[in-house]
Amino acid sequence: MVTAEEVWEALAGIPDPEIPVISLVDLGVVRDVLVAEDRVHVEFTPTFLGCPALEVMRDAMADSIAALGAEPEVEVVLDDSWSTDRITPEGREKLREAGFAPPAPRVAGGPQLVQLQSRGFRCPYCNSQDTRLDNLFGPTPCRSIRYCESCRQPFEQFKTI
């Protein structure tokens with residue numbers, strides 16, 4: 001019989017289809033794993049409702065669970081949206097090393113009044129805050145393109161969702 005720990009470990013080995021430097025677990029789309037005898041139920045929430053990789057992720061998880069010898073049941077949970085707060089600290093570091101700029105996690109405790117800062121995004125290459133929005137629309141709806149004025153490198157930024 002497979003354990004929940006084995007399933008989490010297997011799912012942690014599945015790269016995100018659009019950003020393969022980060023796993024589905026580190027991205028925070030896997031919400032829960034329930035094991036009942038030879039059946040494994042996984043709940044996951046895609047990064048956004050129209051995510052084109054939804055079926056690819058679901059199939060990869062089902063294949064990974066089946067390879068463990070269990071019967072997979074992968075449920076897409078849409079009643080609670082994904083948030084960039086779900087990205088693990090390890091995932092944030094992997095994204096930064098690959099040239100992505102994930103937003104900082106929000107402080108727990110609910111909505112807060114914040115002052116928007118024009119220099120609130122750090123370049124993943126040189127750590128400069130001298131960056132600008134280059135293109136609101138990146139390769140997917142959850143990402144945009146920024147440009148670092150210091151090292152002159154473009155980079156992708158996760159939109160705060």
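Me: Is Leu136 buried, partly exposed or exposed, and what is its relative accessibility?

Reply: Good place to start. This is a predicted model, and the values below are computed from it. Leu136 counts as partly exposed because its relative accessibility is 45%, and partly exposed is the class between under 20% and over 50%. Leu136 sits in the loop between β5 (131-135) and β6 (143-148).

Me: Which residues make a nonpolar surface patch with Leu136?

Reply: Leu133 and Phe137 join Leu136 there, and the nonpolar patch comes to about 320 Å². For the wider surface, the protein chain has an accessible area of about 9,100 Å², with 52% of that belonging to carbon and sulfur atoms.

Me: Could we step back to the whole fold? How many helices and strands are there in the protein chain?

Reply: Happy to. The chain holds four helices and seven strands, and their order along the sequence is α-α-β-β-α-β-α-β-β-β-β. The C-alpha trace spans about 55 × 30 × 25 Å along its principal axes. Of the 161 residues, 39% are buried.

Me: What share of contacts joins residues at least 24 apart in sequence?

Reply: Here one takes contacts between residues at least 6 apart in sequence, and 50% of them join residues at least 24 apart. Gly28 and Ser83 give a feel for sequence distance against spatial distance: they are 55 residues apart in sequence, yet their C-alpha atoms are 8.3 Å apart. Gly28 lies in the loop between α2 (24-27) and β1 (30-36), and is buried with a relative accessible area of 7%. Setting aside neighbours within four places in sequence, Gly28 is in contact with Trp82 and Arg86.

Me: Now a helix. Which residues of α4 are buried?

Reply: In α4 (residues 89-97) they are Gly91, Arg92 and Leu95. The way to read such a set is by its arc around the helix axis: these residues cover only 100 degrees, so they lie on the same side of α4. On the other side, Pro89 and Glu97 are exposed.

Me: And what do the buried residues of α4 pack against?

Reply: Their partners are α2, β4 (100-101) and β7 (154-158). Just after the helix, look at Gly99, which follows α4 with a positive phi near 95 degrees.

Me: Which residues other than glycine have a positive phi?

Reply: Glu37 is one of them, with phi about 60 degrees, and Arg152 is another, with phi near 65 degrees. Glu37 is in the loop between β1 and β2 (39-44), whereas Arg152 is in the loop between β6 and β7. For accessibility, Glu37 is exposed at 62%, and Arg152 is exposed at 55%.

Me: How many salt bridges does the structure hold, and what does Arg39 pair with?

Reply: There are nine salt bridges. Arg39 pairs with Glu71, with the closest N and O atoms 2.9 Å apart. Arg39 belongs to strand β2 and Glu71 to strand β3 (residues 71-76), so this pair ties together parts 32 residues apart in sequence. Arg39 also meets Glu73 in a salt bridge, at 3.1 Å from N to O. That second pair links β3, which holds Glu73, to β2, which holds Arg39, across 34 residues. As for accessibility, Arg39 is partly exposed at 32%, Glu71 is partly exposed at 39%, and Glu73 is partly exposed at 30%.

Me: What about Glu149 and Arg152?

Reply: They form a salt bridge too, with closest N and O atoms 4.0 Å apart. Salt bridges that share partners join Arg132, Asp134, Glu149 and Arg152 into one network.

Me: How many disulfides are there?

Reply: Zero. Cys148 shows how to read a pair of cysteines: the nearest cysteine sulfur, that of Cys126, is 3.6 Å away, and Cys148 is in no disulfide. The cut-off to keep in mind is 2.5 Å between the sulfur atoms. Cys148 is buried, with a relative accessible area of 0%, and Cys51 is buried at 9%.

Me: One last residue: where is Ser144, and is it buried or exposed?

Reply: Ser144 is in strand β6, and is buried with a relative accessible area of 2%. Beyond its neighbours within four places in sequence, Ser144 has contacts that include Leu133, Leu136 and Phe155. That brings us back to Leu136, a member of the nonpolar patch.

Conventions:
Residues numbered from 1 in each chain as written. Predicted model: local features only at pLDDT ≥ 70, side-chain atom pairs only at ≥ 80, totals over all residues. Heavy atoms only, no water. Patch = residues over 30% accessible without salt bridge, like charges linked within 9 Å, V, L, I, M, F, W, Y side chains within 5 Å. Areas by Shrake-Rupley, 256 points an atom, 1.4 Å probe, with all protein chains shown as cover. Salt bridge = Lys/Arg side-chain N within 4 Å of Asp/Glu carboxyl O. Helix = DSSP H or I, 4+ residues; strand = E, 2+ residues; numbered from the N terminus. Buried < 20%, exposed > 50% of the residue type's maximum accessible area, 1.4 Å probe, protein only. Contact = heavy atoms within 4.5 Å. Arc of directions from axis to C-beta.
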